[in-house]
Amino acid sequence: MDAAPATLAAAVAVVLAVVASVPVLLRLLSASAGGKKTNPKAPLPPGSFGLPFIGQTLSLRRSDRQDPESFARMVGRRTIMDVVGDEHRRVRAMMVQFLRVDAVKRHVASMDGEVRRHLDAEWRGRGTVAVMPSMKSLTFDVMCTAIFGLRTGAVRRELWTEFQELVRGIWAVPVNLPFSTYSRCLAASQRGRRAVAGVIQERRAKLERGESSPASDVVSLMLSEGLPDEEIIDNVMFLMVAAHDTTAALLTFLIQQLDADKDAYDKVVQEQEEIARSKAAGEALSWEDLGKMRYTWAAALETLRMVPPVFTMMRKTVEDVEYGGYLIPKGWQVIHAANMTQWDPAIFPEPGRFDPARFENASAVPPFAFVPFGGGARVCPGNEFARVETLVAVHHIVTRFRWKLAAGCDRSFSRFPLPYPSQGLLIDIEPIQK
C-alpha cells in the first residue's frame, strides 16, 4: 500500500461505510475525474485511525486477502491496472486491439478448437472431473492461443506450471522468508518472467525478419509500439493472471448452478441443442451462433451476480473527493464491495434465488447495481472475450455431457480471494450418446 499503516486501517474501515450506502465507486471516481470542487471542512467518513481490531480490518483482510504489494511483486508494477493518464490510455488501446468485438470474432473458431481438444483430453472417458482445475487449464490454453499466439510447445507448458504456483502468492503477506509460500511463489514469478522474456525475444526476431506483423499477437504489437521489455512482461503477466482465473470461476459456478436448477439447465440445453442441430459434424461455432445464446448468457450473468469472481474493486483517489457530505482525501483506497448491491433485495428480489430471467432484459437492471466487469475508463477490456469464451465452453459441455455433483461434494466454497469450490467441484459425468 502507498498509505501508511494507520491511514490504511482508517481507509479500509471508513470507506466500507461509504460503500454500504450506494454503489459509489464509479460515481466517486467520475466526480474526481471531473474536477468537482470539494469542501475542505467536510468531515472524514466515520472510522477508527487506531490500530486494527479483530472483526474490523483484520477480518476484511482475512476474508478477501487483497494485498496490492504482493500483487505488484508477483505480477509487476507497470501493468494496465497501475498506470494512469496517457500511459494507461496507450496500453489499454493496444490490448483493446486484440480484445474488442471485431477482433474477438476472429477467435471464435480457435476457442472452439481449444474447448473440443480440452474436453477430449480431460473429460472424455472419465467418470469424475474436478471442474475448477479443469476450467483453469482450459481458459489458460484459450488465452495463450488467442491473445499470445502460443498454441503448443514447452513454453506454454512452462508458463502454465509457473503461473499456477505464482498466483498462490499474490494474496500472501509479502514477507520473503525461506520456504514460505510467498518465497516459493516469488521464485515461480521470476521463472515465469524469464519465460515471457524469451517469448519477447522470439517475437522481436520474427518482426525483424518480416515473418510476423504487429497484428499477430499482443506481444508483437507492444514491441512495435516501443514499450520497454519490462513493461511488456508486466502486462503479459497481468493478462495471464486476469484473463483465465475469473472466467474459470464463472464457468465452474455456472455448472454448479445448473446442476442445482433443473429448469434453468433444461433451458440452456434446449438453446444449445438447437444450435448444435444446425451445425455439420465437426463444424465450429460461429459468431452468429453466439448471438442465439441469450438465455445461456443470462444464466452466466446471474452466476456472476450470485458468486462474483472479483468480490471487491480497489481504486485510489487521485484527488480529494467529496461524497455524501464526507471528504475522501487524495491517496485513500476506495473499495467497492460487489455483494452490497448484487445481493440487495431492494434491487434484486430474493437475491439467494438463481433466476437468469433477471438479465434477459439488461436495461431493467439499475445503473451501477451490477458491474461485474467494472465500468468507466477502466472497464475490463476483456469482457467480450470472456463472454465468447464462456458461451463456447458451455455449448460443448452441455451438448456432450450430463453431470451431477459427486458423492460427498457439497456446494460450499471459500475465497483465495477468488471463489474456489469445495474439492474443486467434483462432478460425475456421463457422455451424451448421439
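**Exercise 1. Is phenylalanine 140 buried or exposed, and what is its relative accessible area?**

Before solving, note that this is a predicted model, in which local features need pLDDT of at least 70 and side-chain atom pairs count only at pLDDT 80 or more, while totals for chains, interfaces and linings use all residues. Residues are numbered from 1 along each chain as its sequence is written, and side-chain values use heavy atoms, with hydrogens and water left out.

Solution. Step one is the cut-off: buried means under 20% relative accessible area, exposed over 50%, and partly exposed in between, with a 1.4 Å probe and protein chains only. Step two applies it: phenylalanine 140 has a relative accessible area of 0% and is therefore buried.

**Exercise 2. Classify the aromatic pair of phenylalanine 140 and phenylalanine 163, and place both residues in the chain.**

Solution. Rings of Phe, Tyr and Trp (its six-membered ring) pair if their centres lie within 6.5 Å, and planes under 30 degrees apart count as stacked, over 60 as edge-to-face and the rest as tilted. The structure holds seven aromatic pairs. In one of them, phenylalanine 140 and phenylalanine 163 lie 6.0 Å centre to centre with 50° between the planes, and the pair is tilted. Phenylalanine 140 belongs to helix α8 (residues 131-148) and phenylalanine 163 to helix α9 (residues 154-166), so that the pair links distant parts of the chain, 23 residues apart; helices here are DSSP runs (H or I, at least four residues) and strands likewise (E, at least two), numbered from the N terminus. Phenylalanine 163 is also buried, at 0%, and ring pairs link Phe140, Trp160 and Phe163 into a cluster.

**Exercise 3. Classify the pair of tyrosine 265 and tryptophan 403, and state the burial of each residue.**

Solution. The centres are 5.4 Å apart and the planes of tyrosine 265 and tryptophan 403 make 90°, which is edge-to-face. Tyrosine 265 lies in helix α13 (residues 262-277) and tryptophan 403 in strand β6 (residues 401-405), 138 residues apart. Tyrosine 265 counts as buried at 17% relative accessibility, as does tryptophan 403 at 11%.

**Exercise 4. Over the faces of which rings does arginine 305 lie?**

Solution. A charge sits over a ring if NZ of Lys or CZ of Arg is within 6 Å of the ring centre and within 35 degrees of the ring normal. Arginine 305 lies over the face of tryptophan 343, at 5.9 Å from the ring centre, and over that of phenylalanine 348, at 5.4 Å.
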